[in-house]
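Work through the exercises below with the sequence and the structure side by side. Try each task before reading its solution.

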Amino acid sequence: MTLKPQAKKALDSLKSPSRDEMKEALAELNMSVDELEPLLQSSSGKPYYRKLLYKSEDIELLVMNWSDLECAPHDHGDSHGWIHVLNGTSINSVYEVKNNKLPKELFKEYHQQGQLFFAPKKGVHKMQADGPDGLVTLHLYSPPISGMKVYDLEKCAACVVSDDCGAWWPDEQRQKIKEIQLTKQEDGSHAS
């Protein structure tokens, strides 16, 4: 797929963009599920299928279509960005991470079709579709994501993953850049 000229022009103009510049650009793209439909594929047992639509030194734009699986809690490395819900409803769970501790879920928020929400640098979250309507999301990050950290709450571990891995524990050894053992957060509610 080639982006429409005005979309490419809007993205080309983003150089080290601010949070607001990114939000405006993503809203301006005005992309629909119908025009992106030909790019979407089966998620093949993963939480989502992702397709890179645009990448420069400063930004990347991806479209994702979601299965009924939730992704793992993850950050976006040193990137921040906006997520635009094009279809369906997203459940976004936001976590707190302190030191080398296991992420602790703080709250869940629901984002309906048409809504945008911000993913802060070093922020940890997980997403999933709410219901069978088919969640499709458009993601704009700056700079392009590198060094994403994925958390496995069962294993009490984190893994810095390669740029071609999504927000799940890597299947392939080459996608594991660095594994980190975590400690559970003490919440004071039980004796150990």
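A nonpolar core is a set of buried Ala, Val, Leu, Ile, Met, Phe, Trp, Tyr and Cys residues joined through side-chain atoms within 4.5 Å. The model used here is predicted.

**Exercise 1.** Find the residues with the most contacts inside the largest nonpolar core, and state which strands supply at least two residues of this core.

*Solution.* Start with the core itself: it has 24 residues. Tyr48, Trp66, Cys71, Ile83, Met127, Met148 and Val161 have the most contacts inside it. Next, take the strands. At least two core residues come from each of β2 (60-66), β3 (80-87), β6 (116-119), β7 (124-129) and β10 (157-161). Finally, look apart from this core: another one, of 23 residues, includes Met31, Leu53, Trp82 and Leu140.

**Exercise 2.** List what tryptophan 66 touches, leaving out residues up to four places away in sequence.

*Solution.* Tryptophan 66 touches Pro47, Tyr48 and Cys71. Its other contacts are Met127, Gln128, Ala129, Leu135 and Thr137.

**Exercise 3.** Explain why the buried residues of α1 lie on the same side of the helix.

*Solution.* Helix α1 spans residues 5-12, and Ala7, Ala10 and Leu11 are buried there. They cover an arc of only 95° around the axis, so they share the same side of α1. The face turned away from that side carries the exposed residues Pro5, Gln6 and Lys9. The buried residues of α1 pack against α2 (19-29), β1 (48-55), β2 and β8 (136-142).

**Exercise 4.** Place serine 18 and classify its exposure.

*Solution.* Serine 18 sits in the loop between α1 and α2. Its relative accessible area is 34%. Partly exposed means between 20% and 50%, so serine 18 is partly exposed.

Key. Residues numbered from 1 in each chain as written. Predicted model: local features only at pLDDT ≥ 70, side-chain atom pairs only at ≥ 80, totals over all residues. Heavy atoms only, no water. Buried < 20%, exposed > 50% of the residue type's maximum accessible area, 1.4 Å probe, protein only. Helix = DSSP H or I, 4+ residues; strand = E, 2+ residues; numbered from the N terminus. Contact = heavy atoms within 4.5 Å. Arc of directions from axis to C-beta.
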